[in-house]
Amino acid sequence: MSMRRRVTPADGPRRAGAAAAALVLAGAGVVLGLAAGPAQAAEVSFATRCVPPAGVGLDPVNGTTKVEITAPATAKVGDEIDVVWKFTQAASKNPNIIDLPANSVQPTGTLKAAGAQTADIAMTGPRENPAIPKGGDMVLSDMKGTLKLTAAGELTLTPGPYTVNAMGTNTVCTPTETVPKGATVTVAAGEGTSTPTPTETETQSPDPTDSATPTDSATPTDTASPTSTASDDGQTDFTGKAVDIPYTCQSPLGEKKATSTIQINAKKSGGSYGLTVQFKNSPMDSPADIPADSVKPSMDVVLGGDDKGSVHVEGPTNSEAIKSGDPIEIPDMTGTYKPGATGESTLSPGVLTIEALGTTTTCKPDKTQVSLTLTTKEQEGGASGGSSSSGGSSSGTSTSGGLAATGADDHAALKALGLVAGTAVLLGGAVFTFMPGRRTR
C-alpha cells in the first residue's frame, strides 16, 4: 500500500525558501566561475618557417604550428596574470642527423598582447622532453609567462615567433601568415593605471659577448701592466693577472661567442718556467650527459715582447661524468716555457682547443691581453721564432707573436666532419658550443 505525503500550505514557503537559497548559491557559483575560471582557448594553427642553426647544412623548413593559449577569462587592472603556451604540434621535426636525448630541448617564444594594452610577453619552457629519435616529431614543453595589466578593456593574446634550443643550438621559427588570436581576457577597471606597460622583449640565449667587436688580430695588447718579473731576487713563483678574453668558437654545429676569465701563472725552475693556465669561470653548460674521461682541453699561450711563438699547455680529461645542464669546468692546463730571448717576455691566452667524443672544437680569441710578463734569459732550443710544447721542443712557426695555425678556418671541413661522423661528432660539437657560465672557481 503506497502512502503519499500530504502537502500542507506551510510547505509552499519552505520550498520557495529552499529554491531561493539554491538559486543564490548557484548564482554565486556562476559569479565565482566568471571571476576565476581560466579561458581554455581553442587550438590555434598557423604556417611557420623554421631556420636551423648555421653550419649544419640544413635548409629552412616550412610547416604548421599548433598551440593552445591558456589565460584567465577575467581580471582587473593591477593584476599580474599567468599565461601558458602549450604546443600540440611543432612546425619542424628532428632532422635525420642525431637522436636527441631526454631533457635536451628547450623552447622560448613571444606571445603578443594587443587591445587594451600592447606588450610582447616573454615565454619560456623547461628543458623537459622525452628522447626524440632522428626524424621524430619534436616534443616541446609548455611555455609560461606573466603580464601585469595596466588598462581596462578586451585584451587579446596571439602566438608569435618561437625558438627551439636543442643541445646548445637554436632553430628559430617565425609565423608566415597572420596568426589568429589564442585567448581573450576581459580586464575590468581597478587599481593601477591605464597607461600601457613598456613592451617586454623576448630573451633567448643571452650572450654577454655579442656586443664585443672582434679585432683583426689576436696580438697581445701592450696596455696590460706586468704583474711580476723574474728579476726579483730569489723569486720563483709568479702570479699573472686575470684577464677577460672574448672567444669565437667553431664547431661542427656552427659558430658561437663567449668570454672567459683566464689567468696565467709561472714557476721558475732553472732557466725555464712551468706554466699553469686557469679558467676562473665555466664558459659552457653541457646540453647532454657526458661520460668521464671524454673531454680534454689544451691551449697555445701566445708569447710577445722580446720573445715570439707560443707555448702549448694541456689539461687532464674530466675525471667524473658531467650531467646535462651542469657547467663544464675547464681544468688547470700546464706546460713548460723555455725562453727563446733575453728581455721582457709577455704571455697571453691564445687558441683554446677542446677534444671530445671524436671531434675537435677550436676557439680563437677575438682579442687577447697580457696576463703575465717575465724577465727572461734565452735558453738553448728556446721558444723564439717557434712554438714550445710542454716538453720544450720547437714545433712550427708563428710570426709577430701571433697565433699558431690550427686549421679551424676550414669551415667546410668542420661541417663535413659533423655531418659524416654522425651522432658522436654532433654531440661533441654541441657540447662545446659556448654558453654563459654559471659557476666561478
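## Exercises on pairs, cores and crosslinks

Lys296 and Glu314 form a salt bridge in which the closest N and O atoms are 3.8 Å apart. The model is predicted, so local features need pLDDT of at least 70 and side-chain atom pairs pLDDT 80 or more, while totals for chains, interfaces and linings use all residues. Residues are numbered from 1 along each chain as its sequence is written, and side-chain values use heavy atoms, leaving out hydrogens and water.

### Exercise 1: Salt bridges

Place the salt bridge of Lys296 and Glu314 in the chain, then look at two others.

**Solution.**

1. Start with the criterion: a side-chain nitrogen of Lys or Arg lies within 4 Å of a carboxyl oxygen of Asp or Glu. The structure holds seven salt bridges.
2. Lys296 belongs to strand S16 (residues 295-305) and Glu314 to strand S17 (residues 309-314), 18 residues apart. Strands here are DSSP runs (E, at least two residues), numbered from the N terminus.
3. Check accessibility, where buried means under 20% relative accessible area, exposed over 50%, and partly exposed in between (1.4 Å probe, protein chains only). Lys296 is partly exposed at 28%, and Glu314 is partly exposed at 36%.
4. Now turn to Lys257, whose salt bridge with Asp366 has its closest N and O atoms 3.4 Å apart. Lys257 sits in strand S14 (residues 254-269), and Asp366 in the loop between S21 and strand S22 (372-376), 109 residues away. Lys257 and Asp366 are both buried.
5. Finish with Asp120 and Lys112, whose side chains meet at 3.4 Å, N to O. Asp120 is partly exposed at 22%, as is Lys112 at 37%.

### Exercise 2: Strand S2 and its neighbours

Which side chains of strand S2 are buried, and which strands pair with S2?

**Solution.**

1. Walk along S2 (residues 44-51) and sort the side chains by face: Val44, Phe46, Thr48 and Cys50 point one way and are buried. Ser45, Ala47, Arg49 and Val51 point to the other face and are not buried.
2. For pairing, DSSP must find at least two bridges between the strands. S2 runs antiparallel to strand S3 (residues 61-72), with seven bridges, and Val44 has Val67 as its bridge partner in S3.
3. S2 is also antiparallel to strand S10 (residues 169-175), joined by four bridges. Here Val51 is partnered by Val172 of S10.

### Exercise 3: The disulfides

Find the disulfides, and say where in the chain their cysteines lie.

**Solution.**

1. Look for cysteine sulfur atoms within 2.5 Å of each other. A search of the whole structure gives two disulfides.
2. Cys50 is joined to Cys173, S to S 2.2 Å. Cys50 comes from strand S2 and Cys173 from strand S10, 123 residues apart. Cys50 is buried at 2%, and Cys173 is buried at 1%.
3. Cys249 is joined to Cys363, S to S 2.0 Å. Because Cys249 lies in strand S13 (residues 243-251) and Cys363 in strand S21 (residues 359-365), this disulfide ties together parts 114 residues apart in sequence. Cys249 is buried at 2%, and Cys363 is buried at 0%.
4. Why is each disulfide right-handed? The S-S torsion is about 115 degrees for Cys50 and Cys173, so that disulfide is right-handed; for Cys249 and Cys363 it is about 115 degrees, with the corresponding result.
5. Counting bonded cysteines along the chain, the pattern is 1-2, 3-4.

### Exercise 4: Trp85, its ring partners and the core

Describe the ring pairs of Trp85 with Phe87 and Tyr162, then find the core around Trp85.

**Solution.**

1. Rings of Phe, Tyr and Trp (its six-membered ring) pair if their centres lie within 6.5 Å; planes under 30 degrees apart are stacked, over 60 edge-to-face, and the rest tilted. The structure holds five aromatic pairs.
2. Trp85 and Phe87 are tilted: 5.6 Å between centres and 40 degrees between planes. Trp85 is buried at 0%, and Phe87 is buried at 10%.
3. Trp85 and Tyr162 are edge-to-face, at 6.1 Å centre to centre and 70 degrees. Trp85 is in strand S5 (residues 80-89) and Tyr162 in strand S9 (residues 153-166), 77 residues apart. Ring pairs link Trp85, Phe87 and Tyr162 into a cluster.
4. A nonpolar core is a set of buried Ala, Val, Leu, Ile, Met, Phe, Trp, Tyr and Cys residues joined through side-chain atoms within 4.5 Å. The largest one has 40 residues, and Trp85 and Leu157 have the most contacts inside it.
5. Elements giving two or more residues to this core include S2, S3 and S5; S9 gives the most, with five.
6. A second, separate core has 32 residues, among them Ala266, Ile322, Ile330 and Cys363.
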